[in-house]
Amino acid sequence: MRITLAAAAVASLTLTLAACGPDDDPAPAATGAAPTTAGAGKAAGKPLTQEQLVKALLTKKDLDADEQRSTVGPTQHEHKQTAEKPACQAIADLDDAGNAAKAPVASATGAYYHGMGREYLEIHLTQYAPGQAEKAMAVAESALASCANVKIAMTGMPKAQAKFSKGTYQASGDGTLALKAEYREDGGQNAVMESKTYVFVRTGDVITMVANSALADTSMPEEKWVKQQVERVKAVQQG
């Protein structure tokens with residue numbers, strides 16, 4: 001999962017990854033419930049391969065979008081993010097597990113655009129080793145208290161000043177965490193480079209991330225897309 005620091009970073013990274021995957025389709029808490037990483041002890045489901053994660057991604061048809069789909073495994077990660085505060089690295093690692101010192105088992109990424117607009121939807125599906133998905137979410141959530149403002153460097157890109165805050169979203173799966181982020185140019189005009197909203201849903205040892213990106217006033221991802229993506233992952237886990 002990537003926290004992208006600018007539109008150019010997203011575009012260049014998306015285009016450099018290998019495009020693949022099909023273009024066709026293959027009881028919750030109340031809205032506003034506080035995000036939670038609870039859910040230990042539930043069946044994890046079978047571990048998924050990168051190929052299975054790619055097939056589980058929502059498609060261009062599902063989202064009625066112009067799509068640039070990219071898939072990449074953690075070992076091929078090209079744009080590592082480094083948080084200036086070590087305690088905040090957990091947030092960058094949750095967004096893009098390829099940052100983590102211990103890479104996850106498999107991951108797949110989809111980026112979905114509507115026309116030529118600046119806004120886009122990003123989806124990451126990540127298979128962790130047993131117990132590591134729950135830990136990754138818990139550590140990132142705990143880090144938010146001291147990471148409201150942090151500088152983040154991305155390989156080949158200017159350093160950015162990031163602001164993180166906890167969001168509110170309907171709980172689902174074995175644990176849900178919602179985040180809001182704003183990235184500004186570090187120094188200079190301190191202009192907003194990107195704002196993003198994230199929803200992370202854990203089902204067993206898989207974390208599904210759905211994120212919206214825009215320059216400002218970014219709304220949380222639509223509930224129907226999050227639900228549809230989580231259900232598709234669960235179907236593959238139980239298949």
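Are F164 and Y183 buried or exposed? In this predicted model, both residues turn out to be buried. They also belong to the set of aromatic pairs, which comes to three by the rule used here. A pair of aromatic rings is described by the distance of the centres and the angle of the planes. For F164 and Y183, the ring centres sit 6.2 Å apart with the planes at 85°, and angles over 60 degrees count as edge-to-face, so that is the label this pair gets. The pairing ties together distant parts of the chain, with F164 in strand β6 (residues 160–166) and Y183 in strand β7 (residues 175–185), 19 residues apart.

Then there's Y198 with F200. Here the ring centres are 5.8 Å apart and the planes are at 10°, so the pair is stacked, given that the cut-off for stacking is under 30 degrees. As for burial, Y198 and F200 are both buried.

Next up is V199, which lies in strand β8 (residues 192–203). With a relative accessible area of 0%, V199 counts as buried, because the cut-off is under 20%. What is V199 in contact with, once neighbours within four places in sequence are left aside? The list runs through Y169, T176, L177, A178, T208, M209, V210, M220, P221 and V226. As for G167, its C-alpha is 8.5 Å from that of V199 in space, while the two residues are 32 apart in sequence.

Methods
Residues numbered from 1 in each chain as written. Predicted model: local features only at pLDDT ≥ 70, side-chain atom pairs only at ≥ 80, totals over all residues. Heavy atoms only, no water. Phe/Tyr/Trp six-rings, centres within 6.5 Å; stacked < 30°, edge-to-face > 60°. Helix = DSSP H or I, 4+ residues; strand = E, 2+ residues; numbered from the N terminus. Buried < 20%, exposed > 50% of the residue type's maximum accessible area, 1.4 Å probe, protein only. Contact = heavy atoms within 4.5 Å.
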